[in-house]
Amino acid sequence: MQNEAWLRIGSFLVVLMVMMVWEAILPNRVSPVANGKRWLSNFFLVFCGAVVGRLLVPAGLAVVAIFADDIHFGLLNVLKLADWLAILLAVIMLDCLIYWQHRLLHRVPILWRLHRVHHADPHLDASTGLRFHPIEIALSLVVKALGILLLGIPVEAILIFEILLNASAIFNHSNIKLPNWLEWPLRRVIVTQAMHRIHHSQVVKETDSNYGFCLSIWDRLFNSYTNNAQAGDDGLVLGLKDYPSESSNTGISTVLLMPFREKPNNKEI
Ligand SMILES: [Zn+2]
């Protein structure tokens, strides 16, 4: 268990560092606000999310998988497939589960209150991939735990999936642009930066599309795929129309209280 924790933290830090260096050297666009305050808010939310996770499931989600295996409960525990196949299917099914969770976060008004904290970021970079309200993190943990139980997810798949999900979020939110020869073939399988930027466009029709985190197949399969933004990748405006000023979208107390405030805090305009 101890080794797994180090593997998760280690891979998280490596991917974060690689993407932050990449966006510092070859940024896709210039941030409209100073990054210092943004990063402080975004990384503060990472810290809160980690604390919430520790409090809710101190031993991690693996405990749920071990329990489901012990009582022979859940789809994959009943099917008794070869280990490698069960792990592969489990990772793919968990990615599909997160895709549907993401659609619900946009569809249900009370859930959107939480998820708009992520979307209100006026710029996109690796830190945005980690900017989630702690209550959204807690809800997502409950959804994942239920998914693990009902699908009978093997314990090995949880480690692989958590590393993959974190790495994908950091990768596809980062402020870079892949060359065309890589962008289009890669986008057939996984979510790229240009594909996910469309999801962070201020055009509602575009925000309500491209929900995938890791695999891009779910958006094509479930009819939520947008190939190009109306304004193009370079022209699309990031963030939320209701949260235009820095005082409304950045700052520790602002991001923590955002779900509970009826009106955005636009002091500067
Ligand atoms: Zn979203």
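Leaving aside its neighbours within four places in sequence, which residues is Glu136 in contact with (heavy atoms within 4.5 Å)? They are Leu105, Leu114 and His115. The model is a predicted one, where local features need pLDDT of at least 70 and side-chain atom pairs count only at pLDDT 80 or more, while totals for chains, interfaces and linings use all residues. Residues are numbered from 1 along each chain as its sequence is written, and side-chain values use heavy atoms, with hydrogens and water left out.

Glu136 sits in helix 7 (helices are DSSP runs of H or I, at least four residues, numbered from the N terminus). Glu136 is buried (under 20% relative accessible area, 1.4 Å probe, protein chains only).

His115, one of the contacts of Glu136, is also a donor of the zinc ion through NE2 (donors are N, O and S atoms within 2.8 Å of the metal, or 3.2 Å for Na, K and Ca; water is not among the atoms, so sites may look incomplete). The other protein donors are His102, His106, His119 and His199, again by NE2, and the distances run from 2.1 to 2.3 Å. Along the chain the spacing reads H-x3-H-x8-H-x3-H-x79-H. His102 in helix 5 and His199 in helix 10 tie together parts of the chain 97 residues apart, and both are buried.

As for helix 8, its buried residues include Ala157, Ile158 and Phe161. Ile158 is in contact with Ile148, whose other contacts, leaving aside neighbours within four places in sequence, are Leu61, Val64, Ala65, Leu94 and Ile153.

Key:
Contact = heavy atoms within 4.5 Å. Helix = DSSP H or I, 4+ residues; strand = E, 2+ residues; numbered from the N terminus. Buried < 20%, exposed > 50% of the residue type's maximum accessible area, 1.4 Å probe, protein only. Lys, Arg positive; Asp, Glu negative; His and termini not counted. Salt bridge = Lys/Arg side-chain N within 4 Å of Asp/Glu carboxyl O.
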